[in-house]
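Biologist: Please pick one part of this model and take me through it closely. I would like to know what lies beside it and what packs against it.

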Amino acid sequence: MTLAYVRAAENVSEPVNKDPPSREAQILTLRNTPEFDVLVIGGGATGCGCALDAVTRGLKTALVERDDFSSGTSSRSTKLIHGGVRYLQKAIMKLDIEQYRMVKEALHERANLLEIAPHLSAPLPIMLPVYKWWQLPYYWVGIKMYDLVAGSNCLKSSYILSKSRALEHFPMLQKDRLVGAIVYYDGQHNDARMNLAIALTAARYGAATANYMEVLSLLKKTDPQTGKERVSGARCKDILTGQEFDVRAKCVINATGPFTDAVRQMDDKDAATICQPSAGVHIVMPGYYSPESMGLLDPATSDGRVIFFLPWQKMTIAGTTDTPTDITHHPIPSEEDINFILNEVRNYLSHDVEVRRGDVLAAWSGIRPLVTDPKSANTQSISRNHVVDISESGLITIAGGKWTTYRSMAEDTINAAIKAHNLKAGPSRTVGLFLQGGKDWSPTLYIRLVQDYGLESEVAQHLASTYGDKAFEVAKMASVTGKRWPIVGVRLVSEFPYIEAEVKYGIKEYACTAVDMISRRTRLAFLNVQAAEEALPRIVELMGRELNWNDAKKQSINIQMDENTLHEILNEVDLNKNGQVELDEFLQLMSAIQKGRVSGSRLAILLKTAEENLEGRVPIPVDRSCGGL
């Protein structure tokens, strides 16, 4: 696929760093630089996109993130890179030119993202089953319009399937009253790894980026020309060490997603709230619930929402819901939302397939930061697009939008920053700019990994699709297995292709805690929470060895327990009492461990102790009678 526009990336020089600098080096740069041109607050897709856009224009750029990169909404998406079929339907039905432009822009960005990170993304066929004859031409026209709007950026042309052909492609589909199906193409990606690739690329081009760096307050100074106070940086705190220091910048960008209003109110305590958070819940089910390479779209659920049913990482994702919620660091999926998704799935699957609550391997909730435009006459109206707002003191806020359009959102934001703060920079150069790992990737790269290093084919494919052309660096770190085959590549858990070398490499990618490794460097916690729990002690051991955790932490009491005690402790974390630990329960626990709030949870104390006393750690028995949930 070739993009139908000139590659701005051709004008960008090579990265200043072959590899991203260490976190310690980045913090020294943050502390010792007298003044940056741009300071971005927020390490999600939009914030990292802003940092990459700014630094490739030649601006001296910094980025700080309170948690880990992509720890919020950006890692909890539907994993689609799409223009939005339903938005196009609304644009046509209501003759809404804004909706049309939004879809057109998103389809352009979809094509760009698939090109600049080919290892992390790919086209995915999505089936729209039709159960009434009159719907066939109606949906066909709508989907064909989607292809036409994409123009030269159309991935593959949509097509109609007969009932028998639809069942061949999706055999577990409900066949009663089925008249046929329409298949169209959108993109799919590994969202947390994509976000991380943007952050690592920005760091390689010279941006000073740091995770676990909290903004305590905004710095201000008086403009000598106008006499007004202007935002001039931020007071930051390194959460891992407790050290505080000032980071000064000509321009500060607020890209904090659901926490947009908290930063706006640091600038002006009377600032009106513009974020209206909405929770999107997804569940993960075994791979046998869907074909390996075909998704499903339910265009009209029982309450009018859209549900996707998609293969991802050899599992099946179903979601999303869209309900108002409170803003929280660790949103928890409700049992009501999980059951809503399960019921909708049942409506579309054959009666031969029993959809069971116990088959939910993981569940997560992401907060979508819907926004109202503070400059709009109707402040109650939700903006369908992103909003760039500049406060009286010069704080620039970027909010709203969608994952797919992160790059164009960043471009608009930096354009606004240059204009508002008289920064000297040229046009955006991120169209066609390869992200970390994408430049020399090829679909057959994994074969070289198998042949050159003696990795299992499944592990090699995973490394190639996760790290791209950097997969060779991970393979070089892989341990010898001691078996005839594979020669290298010791797995963290037997059912998943993640290997121990990824833990060592993950530290180079700014992983600071075990949860960074389990949730975002690998995606284990998003795929199977029990498998993540089983891998955790070994991950803690490997990270502790690399990061010298023993030297920095107090000696603690060894804890031994039998399997019954372990199950009792896991039950404390199982907040919805469904017999398993959901992703958000797990993340909430890990947050408590990181921040020292562990007194109420024995499992938290156990894991904290494992980190603090690795050398004397007694192995914790986690044997089970079976591998299911």
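Modeller: I will follow one strand, then the core it belongs to, and then some other parts.

This is a predicted model: local features need pLDDT of at least 70, side-chain atom pairs count only at pLDDT 80 or more, and totals for chains, interfaces and linings use all residues. Residues are numbered from 1 along each chain as its sequence is written, and side-chain values use heavy atoms, with hydrogens and water left out.

Begin with the whole protein. It has 21 helices and 19 strands. Both are DSSP runs, numbered from the N terminus: helices are H or I with at least four residues, strands are E with at least two. Of the 629 residues, 59% are buried. Buried means under 20% relative accessible area, exposed means over 50%, and partly exposed lies in between (1.4 Å probe, protein chains only). Take contacts between residues at least 6 apart in sequence: 73% of them join residues at least 24 apart. A contact means heavy atoms within 4.5 Å.

Now the strand, β10, which covers residues 244–254. Strands count as paired if DSSP finds at least two bridges between them. Strand β1 (residues 36–41) pairs with β10 in the parallel sense, over five bridges. Here Phe-36 has Ala-249 of β10 as its bridge partner. Strand β9 (residues 229–238) also pairs with β10 over five bridges, but in the antiparallel sense. Lys-237 is bridged to Glu-244 of β10. Five residues lie between β9 and β10 in their hairpin, and one of them, Gly-242, has a positive phi near 85°. Strand β19 (residues 396–399) runs parallel to β10, joined by two bridges. In that pairing, Asn-254 has Thr-397 of β19 as its partner.

Next, look at Ile-253. Leaving out residues up to four places away in sequence, Ile-253 touches Val-38, Leu-39, Val-40 and Ile-41, among others. Its contacts also include Ile-396, Ile-398 and Ile-414.

Ile-253 belongs to the largest nonpolar core, which has 46 residues. Such a core is a set of buried Ala, Val, Leu, Ile, Met, Phe, Trp, Tyr and Cys residues joined through side-chain atoms within 4.5 Å. Leu-52, Ile-253, Tyr-406 and Leu-435 touch the most other members. The elements giving two or more residues to this core are β1, α2 (45–56), α4 (97–116), α7 (191–204), β10, β19 and α10 (406–421). Helix α7 gives the most, with eight residues. There is also a second, separate core of 31 residues, which includes Met-315, Leu-361, Ala-514 and Leu-524.

Now the aromatic pairs. The structure holds eleven. Rings of Phe, Tyr and Trp (its six-membered ring) pair if their centres lie within 6.5 Å; planes under 30 degrees apart count as stacked, over 60 as edge-to-face and the rest as tilted. Tyr-131 and Tyr-348 have ring centres 5.9 Å apart and planes at 75°, so this pair is edge-to-face. The two are 217 residues apart: Tyr-131 is in the loop between β4 (121–130) and α5 (135–150), and Tyr-348 is in helix α9. Both are buried. Trp-403 and Tyr-406 make another edge-to-face pair, at 5.7 Å centre to centre and 75° between the planes. Trp-403 counts as buried because its relative accessibility is 12%. Tyr-406 is buried too, at 4%.
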